[in-house]
Amino acid sequence: MRILSVRGTLPEHRHPQAEITEAFATSMVRGVDRGLVERFHGNAGVATRHTALPLERYGGLRDFGEANDAFIASGVELGARAVVDALKAVDLAPSDVDLIVSATVTGLAVPSLDARVAALIGMRDDVVRVPIVGLGCVAGAAGVARLHDHLVGHPDAVAVLMSVELCSLTLQRDDASVPNLVASGLFGDGAAAVVAAGERRAAQLVDAGRVQPEVLVARSRLYPDSERTMGWDVGAGGLKIVLDGAVPDVVRRHLGDDVRRFLADQGLGPGDVEWYVAHPGGPKVLEALQDALGVDREALAVTWDSLRRIGNLSSASVLHVLADTLAARPPRPGSYGLMLAMGPGFCSELVLLRVPA
């Protein structure tokens, strides 16, 4: 499988972190300790974030139903824009798409977002749809892996991954817990799309002026006894964050060995990986990831910069990092890269990439 293009999109409402902190502490959530809010937001490593709605709208959302209606409306618009932009970048039209995989964990839509976007932008009526719900932050990398699984068996096909995450619309107004305060300083809103093609179709679409990496192989890892590490509790108020402070410890304990085994099975070692596309889980998670991989901060510089500029976009984040890497720090021909993300389960996904020589 060949990745032909990657595009990220963001809502128009962009805010400095201090502006979000002020709104969160004064009008969004009841009964919070302002000092704690300022501390958690200040330590998130985030300078600016985008939100689906203007900040003043959040305090007036009456219930989960109203927030979810906003999720569908904004999510369809953002997702459609990401897909169309990614297709246009390689001179393809929505009618060229044979498979669309969609990923989200921040709202519920039936019909799913991919069905609504397909109808809006003019995909064929026989397009194959695979909605992924519940993988959370790991779904960007897992979605790329699932595109690869399909395209290995369909070498003439074009496939799209669409990720839409509107984390702000999961706000719990009566939750003053530490996980909610941490999440409120870290997560942002955005979408992304990846266009890929099977081997035979890719040969017709490759653009020598672009970096279009191959996906070689992927691996999923589900960790035992870790269900309450990350996720949602679903209640009358909607989606309430579950976020254990042990996430960095899990990363340090498992990910390094997972990566080494994964690479060894391909006849490679850590020294063969020249570039990383990592999910920006937060400062402590990224520091744990650097320890696990045995790399310095510079190796994850694009990820750190993405966290600073737009926050953690759940599944869309690693795709924004991939887009930034290919555009701003194009890897050299013949080099190997590693995409990796973690999410609810608790789990990880590893995807081995290579830029053709």
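In this predicted model, helices α2 and α7 are oblique to each other, because their angle of about 50 degrees belongs to none of the parallel, antiparallel or perpendicular ranges. The crossing of α2 past α7 is right-handed. On the α2 side the contact involves L36, V37, F40 and H41, which meet V178, L181, V182, S184 and G185 of α7. Of the residues in this contact, 6 are nonpolar and 3 polar, with no charged residue among them.

A second helix pair is formed by α10 and α11, whose axes cross at roughly 175 degrees. This angle makes α10 roughly antiparallel to α11, since values over 145 degrees are classed in that way. Here P283, L286, E287 and Q290 of α10 contact T303, W304 and L307 of α11. The residues of this contact comprise 4 nonpolar, 2 polar and 1 charged.

The geometry of the two pairs is set out below.

| Helix pair | Residues | Angle | Axis separation |
|---|---|---|---|
| α2 and α7 | 34-42 and 178-186 | about 50 degrees | 8 Å |
| α10 and α11 | 283-293 and 301-310 | roughly 175 degrees | within 11 Å |

The remaining site concerns C137, which an unreviewed UniProt entry lists under "active site". C137 is located in the loop that joins β5 (128-133) to α6 (139-153). Its relative accessibility is 6%, so C137 counts as buried, the cut-off for that class being under 20%. Leaving aside residues up to four places away in sequence, C137 touches F187, H279, N312, S314, S315, A341, M342, G343 and P344.

Key. Residues are numbered from 1 along each chain as its sequence is written. This is a predicted model: local features need pLDDT of at least 70, side-chain atom pairs count only at pLDDT 80 or more; totals for chains, interfaces and linings use all residues. Side-chain values use heavy atoms; hydrogens and water are left out. UniProt positions are given in the numbering used here, feature names are shortened, and annotations may be inferred rather than shown by experiment. Helices (H or I, at least four residues) and strands (E, at least two) are DSSP runs, numbered from the N terminus. Buried means under 20% relative accessible area, exposed over 50%, partly exposed in between (1.4 Å probe, protein chains only). Contact means heavy atoms within 4.5 Å. Axes are lines fitted to C-alpha atoms, for helices over the stretch in contact, and angles run from 0 to 180 degrees between N-to-C directions. Angles under 35 degrees count as roughly parallel, over 145 as roughly antiparallel, 65 to 115 as roughly perpendicular and the rest as oblique. A crossing is left-handed if the near helix is turned anticlockwise from the far one by less than a right angle, and right-handed if clockwise. Ala, Val, Leu, Ile, Met, Phe, Trp, Tyr, Cys and Pro count as nonpolar, Asp, Glu, Lys and Arg as charged, and the others, Gly among them, as polar.
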